[in-house]
Amino acid sequence: MIDPVRDRQMRELEEAEICHDILANARNELYLKFRYLDVALSSFFFEADRRTRGVGTDGFVIYYHPDHLMEIYKRSRILVNRAYLHMVFHCLFCHLDRRGKRAEDYWNLACDIAVESILDGFYSPAVYRHQTVFRRQVYNRLRSRLKVLTAEGIYSCLQELNLDEEEYNQMAFEFYVDNHEFWQQEDPKIRQERQTKWERNRERLETEAESFGQEDNDGRKNLLEQTKAENRERYDYRQFLKKFAVLREEMELDSDSFDYIFYAYGMALYGNMPLIEPLETREVMRIEDFVLVIDTSMSCSGQLVRRFLEETYGILSQWETYFRKINIHIIQCDEEVRSDAVIRSREEMEQYMKDLTLSGYGGTDFRPAFQYVDGLLNEGAFTRLRGLLYFTDGKGVYPVKKPPYDTAFIFIEDQYEDMSVPPWAMKVVLTEDEIRETVLEDRRRK
C-alpha cells in the first residue's frame with residue numbers, strides 16, 4: 001500500500017532537486033557571460049519554501065516556491081537567469097537595508113526599476129529580453145530627471161510624480177520579479193554581517209568589471225555607474241560642517257569644568273567664601289569665518305539650491321554652532337560673481353533666507369568665486385577663514401592652484417559630474433532625501 005505522506009515527501013524532494021539544478025545552471029550560465037560577477041553569483045544557498053510567493057532572497061539564501069520556479073523555467077530559462085541576477089543586484093546595491101523611513105511599496109518599486117534598468121542594458125543572450133513600450137517610457141521619463149537610475153533617485157522621482165493607484169499598479173506589475181518579504185532582518189548582528197558581505201562583493205565588482213573586455217559594454221557601463229555611486233563614501237552633512245569650526249573661548253559659565261565639592265566645602269568652612277568659582281569662559285568649537293558659494297548657472301536646479309541653503313541654514317542656525325558674532329559670506333556665482341551677502345548675526349541669516357532670490361543662470365566657471373574670496377582675504381575681510389563650500393553640479397572650469405583655506409564641492413547624488421574636481425578639494429555627495437529629511441527635521445525643531 002502506498003503511503004500518501006511519504007509519496008508527497010518524495011515528490012517534494014524530487015521537485016526541490018530539480019529546482020536546485022535549475023538555479024545552479026542559471027548561476028553557471030551567468031558566470032560564463034558575466035565573469036566579473038563570479039563571487040556575487042556564488043554568494044547564495046538555495047532553499048525550497050512552499051509558504052513563500054515566487055522567489056526572493058535575504059542576502060544569504062534564495063528562497064523559492066518550486067511550482068513558481070518550474071513554471072517560469074518552462075516559459076524561458078532567460079526568465080530564471082534574469083530573476084537570479086535581479087536578486088544579486090538588489091544585494092549588491094544595498095536595497096535590502098537602505099529603505100529607512102521611506103514608504104515600503106514605493107521603495108520596492110524603485111529598487112525593481114533600478115535593477116531592471118541595468119538588466120535591460122545587457123544584450124547578452126543569457127538575459128536579453130525585448131523591452132515593452134511602457135517600460136521604455138518609464139526609463140525615458142526617469143532619465144530626463146536622473147543621470148544614474150539609482151533606487152534612491154527613482155524613489156524621489158516617483159514621489160514627485162504623484163502616481164494614482166492605477167499608474168502605480170501598472171508600474172509594479174511591469175517591473176515585479178522577486179518577493180521582498182525576506183529583506184527585513186531584525187537581528188543587528190546578522191544585518192551587519194549581510195551588509196559587510198555585500199559591500200565586499202560590490203568593491204570587488206567595481207575592480208573586476210573595469211578590467212574585463214568590451215562584451216556588453218553598454219550594460220556594464222550602467223552597472224559600473226551604480227556600483228560607483230554605492231561605493232562612494234556617504235557623509236553626515238552636520239558632522240562634515242564641523243570640519244570648518246574653530247576653537248575659541250566665549251563668555252559663558254562652564255558648568256562642566258566646575259567642581260561643586262570645593263565650592264560647597266568653602267561655603268561650609270568660611271560661611272560665604274567659596275574656594276572655587278565657576279569659570280566665566282568656555283572653549284567651544286563653532287563656525288566664525290565661512291564662505292558658502294552657490295552655483296547659479298542654468299545647469300543647477302533652483303529648487304535644489306533652495307533646499308541646500310535651507311539645510312545649511314538649519315544647521316548653522318543652531319545656537320551651539322554660532323559664535324555670538326559671525327562672518328559668513330554667501331556668494332552667488334555662475335560665470336561671474338553675481339552677489340555677496342555678508343551675514344553677521346542669526347537675524348541677518350533668517351532675513352536672507354526669507355528674502356532669498358537667485359541670480360545668474362549663465363555658464364559655469366568656478367575661478368571667479370575663488371578670485372573674489374582671495375581679494376576679500378587681502379582686504380582683511382576675514383579673521384580666520386577656515387573653509388569654503390561650493391554647491392554645484394560640477395560642470396565648469398576649476399582653479400588649478402589650491403587656495404589657502406579648505407575647500408569642498410557639494411554635489412547632489414545622480415545630478416553631478418566630478419571627473420575634473422582637483423585633488424586638493426574635498427567632495428561631498430548628498431542625496432535629495434537627505435536634504436529633504438534634514439530640512440523637515442529642522443522645521444520640526446523650530
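Where is Asn-162 found? Asn-162 sits in the loop between H7 and H8. The model is predicted. This briefing starts with that loop, then turns to a second loop, the strands and the salt bridges.

**The loop between H7 and H8**

- Asn-162 has a positive phi, near 50°, and is a residue other than glycine.
- In general, most residues other than glycine have a negative phi.
- Asn-162 counts as exposed because its relative accessible area is 63%, and the cut-off for exposed is over 50%.
- Asp-164 also belongs to this loop, which runs between helix H7 (151-161) and helix H8 (165-175).
- Asp-164 is partly exposed, because its relative accessibility is 40%.
- Asp-164 is part of a negative surface patch. Its other members are Glu-165, Glu-166 and Glu-167.

**The loop between H4 and H5**

- Cys-94 lies between helix H4 (77-92) and helix H5 (104-119), in the loop.
- Cys-94 is not a glycine, yet its phi is positive, at about 60°.
- Is Cys-94 buried or exposed? Cys-94 is buried, because its relative accessible area is 9% and the buried class covers values under 20%.

**Strands**

- Strand E8 spans residues 385-391, and 6 of its 7 residues are buried. Strand E8 is therefore largely enclosed by the rest of the structure.
- How many bridges pair E8 with strand E9? The pairing runs over 5 bridges, in the parallel sense, and E9 covers residues 406-412.
- Phe-391 has Ile-410 of E9 as its bridge partner.
- Ile-326 is a residue of strand E6 (residues 322-333).
- Ile-326 counts as buried, because its relative accessibility is 4%.
- Ile-326 and Val-342 are separated by 16 residues in sequence. In space, their C-alpha atoms are 9.4 Å apart.

**Salt bridges**

- How many salt bridges does a search of the whole structure find? The search finds 16.
- Asp-49 and Arg-51 meet through their side chains in one salt bridge, at 3.3 Å from N to O.
- The accessibility of these two partners is as follows: Asp-49 is buried at 11% relative accessible area, whereas Arg-51 is exposed at 79% relative accessibility.
- Which residue forms a salt bridge with Asp-334? The partner is Arg-338, with the closest N and O atoms 3.0 Å apart.
- Asp-334 is buried, because its relative accessibility is 0%. Arg-338 is partly exposed, at 36% relative accessibility.
- Arg-338 also meets Glu-336 in a salt bridge, at 3.9 Å from N to O. The cut-off for a salt bridge is within 4 Å.
- Glu-336 counts as partly exposed, because its relative accessible area is 40%.
- Elsewhere, Arg-82, Glu-116, Asp-120, Arg-135 and Glu-174 are joined into one network by salt bridges that share partners.

Definitions and conventions
Residues numbered from 1 in each chain as written. Predicted model: local features only at pLDDT ≥ 70, side-chain atom pairs only at ≥ 80, totals over all residues. Heavy atoms only, no water. Patch = residues over 30% accessible without salt bridge, like charges linked within 9 Å, V, L, I, M, F, W, Y side chains within 5 Å. Areas by Shrake-Rupley, 256 points an atom, 1.4 Å probe, with all protein chains shown as cover. Lys, Arg positive; Asp, Glu negative; His and termini not counted. Charge placed at Lys NZ, Arg CZ, Asp CG, Glu CD. Helix = DSSP H or I, 4+ residues; strand = E, 2+ residues; numbered from the N terminus. Buried < 20%, exposed > 50% of the residue type's maximum accessible area, 1.4 Å probe, protein only. Pairing = 2+ DSSP bridges.
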